[in-house]
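Got your viewer open? Set the display to cartoon, keep the selection box handy, and we'll go stop by stop.

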Amino acid sequence: MNNPGVNNSDVNISDVNNSDLNNLVLTLTPNPAVDVTYTVDGVELGSSHRVPTPLYRAGGKGLNVSRVAHQLGFPTLAIATVGGLSGERFRADLASSGIPHHLVPVAAATRSSIALVDTAADYCTSIFNESGPALTAQEWQRLAAAVVDGLAGSQASTGVRKPGVLVGSGSLPEAAPDDFYPALVALAHAAGVPAIIDTSGSGIVAAAKAGADLLKPNNHELMEAVAEKDLVSAARKLMDFGAKRVLVSVGEEGMLAFSAESPGTFLQAKLPAPLSGNPTGAGDAAVSAAAVALAQGVLDLREILRRATSWSAAAVLMPGAGEISPRYAELADQLIITEH
C-alpha cells in the first residue's frame with residue numbers, strides 16, 4: 001500500500017455530527033458488503049421457509065464501527081470501496097444513514113454477507129460471507145489515496161478535520177497486498193494518529209509487528225493466528241511482537257484487555273449473566289468504543305475495556321450489526337471488572 005497523491009473522486013460526505021471535530025474516528029473497510037439479515041422462528045434443514053423481509057444494510061466491519069459512533073453522536077468518516085449493481089444498494093443505504101463517507105469506485109460488484117438469526121434456537125446466528133473480489137492495482141492506489149487524504153484532514157471545506165484515530169477492519173479482497181495492514185499502521189503513525197486493527201489470520205500478527213496501538217480479535221481468531229492453545233499466552237505474544245494493547249472477546253466470559261505497559265497482568269470485564277440476542281456486530285461495537293476512547297485521548301486500559309464491553313453487549317440486543325441498544329450505559333454499570 002503506497003502513499004499516492006490525493007484523489008477525491010466519488011466523495012460523498014455529509015455534515016459531521018459533533019462540534020469537537022478533532023476526535024474524528026476514521027475507518028477503512030477494504031472489503032465491504034451488503035449485509036442481509038434474516039430473522040426466522042426455527043430452521044429445518046432441507047425444507048422451505050417463509051421469512052419476513054430481511055434487513056439490508058451497507059456493512060463491513062469498518063462501516064459498522066462508523067455506524068455505531070455516528071449513532072451515539074461521535075464524529076466519523078468511513079472509507080470503503082463500492083461497485084456493481086449491489087454497490088448501488090450499498091451506496092443508497094449509506095447515503096440515507098447520514099454517516100459521512102468517502103466511497104472509492106471499483107469495477108467488481110460489492111459482495112454480500114448473509115446472517116440467519118434463529119429466534120427459536122436462542123438467537124443462534126449463522127453467517128454466510130462471500131469472498132471479496134480482487135481489486136486492480138489502480139483501485140488499490142485510489143483506496144490508499146483516500147486514506148492519505150482522510151489522515152491529512154484535507155476535506156476541510158466540508159468541516160472534516162484531522163482524525164484522532166484510524167481503524168482498519170475486516171477481511172481483505174482476494175490477492176490483496178501482503179503488507180496492507182502494516183502499511184495502514186505506518187500511515188497512521190506517520191500522521192501522528194493511533195491505529196486500531198481488527199482482522200484475522202496472519203493480518204493480526206503483521207499488524208502487531210507494525211506496532212498497532214490496539215488489536216481486537218476474538219479468542220478463536222487470536223489463538224489460531226499465533227498457534228497458541230493458551231489465550232493469555234497468545235495475547236502476550238502479540239504484545240511481544242509489538243502491539244501496544246489487545247482486546248479479546250471471549251463470548252459469555254466477556255472481554256479481556258492486555259497492555260504492553262503491564263504485560264504481567266490483564267483485566268477481564270463481564271456481565272453477571274449473559275445476554276440473549278444477535279451477536280453479529282458485537283465485536284465491531286467494541287472496536288467503535290475503543291476507537292472513540294483513543295480519539296478522545298483516553299489511554300486508561302480499564303476505561304477502554306469498560307466502554308468496549310458495554311457497547312459490545314448493547315449490540316447483542318439489536319437486530320442488525322452497526323447499532324447498539326440505549327442500554328449501553330446501564331450495562332456499563334453492571335460490569336464486573338477484575339484484574340488477573
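Start by selecting residues 245–249, strand β12, together with β13: 5 bridges join the two, and they run antiparallel. Two strands count as paired if DSSP finds at least two bridges between them. The strands and helices on this tour are DSSP runs (H or I over at least four residues for a helix, E over at least two for a strand), numbered from the N terminus.

Before going on, a word on what you're looking at: this is a predicted model, where local features need pLDDT of at least 70 and side-chain atom pairs count only at pLDDT 80 or more, while totals for chains, interfaces and linings use all residues. Residues are numbered from 1 along each chain as its sequence is written, and side-chain values use heavy atoms, with hydrogens and water left out.

**Around β13**

Click Arg 245 and look across to β13: Ser 259 stands opposite. Now go to the hairpin of β12 and β13, which has 5 residues between the strands, and pick Gly 251, with its positive phi near 60 degrees.

Next, select 255–259, which is β13 itself. Are its residues buried or exposed? 5 of 5 are buried, meaning under 20% relative accessible area (exposed is over 50%, partly exposed in between, with a 1.4 Å probe and protein chains only). Turn on the side chains: Met 255, Ala 257 and Ser 259 point one way, Leu 256 and Phe 258 the other. In a regular strand the side chains alternate between the two faces of the sheet.

Add residues 267–270, strand β14, which is joined to β13 by 3 bridges and runs antiparallel to it. Leu 256 has Gln 268 of β14 as its bridge partner.

**An open sheet**

Now show β4, β3, β7 and β8, in that order: these 4 strands form an open sheet with mixed pairing. Check the edges, β4 (55–59) and β8 (124–129): each has a single partner strand, so one side of each is left without a neighbour in the sheet. From one strand to the next, the twist averages 20 degrees. Zoom in on β7 (residues 111–118), which pairs with β8 in the antiparallel sense over 6 bridges. Ser 113 has Asn 129 in β8 as its bridge partner.

**Two helices, α1 and α2**

Select 61–71 for α1 and 84–97 for α2: their axes come within 12 Å and cross at roughly 20 degrees. Axes here are lines fitted to C-alpha atoms, for helices over the stretch in contact, and angles run from 0 to 180 degrees between N-to-C directions. The two helices are therefore roughly parallel to each other (angles under 35 degrees count as that, over 145 as roughly antiparallel, 65 to 115 as roughly perpendicular and the rest as oblique). Show side chains where they meet: Leu 63, Arg 67 and His 70 in α1, and Phe 90, Asp 93, Leu 94 and Ser 97 in α2. Contact means heavy atoms within 4.5 Å.

Bring the sheet back, and you'll see α1 lying across β3 (33–40) and β4, at about 100 degrees to β4. α2 packs on the sheet too, touching β3 and β4.

**Last stop: α8 and α9**

Finish with 282–295 (α8) and 301–316 (α9), which pack at an angle of about 145 degrees with their axes 7 Å apart. Among the residues making this contact are Ala 285 and Ala 289 of α8 and Trp 311 of α9.
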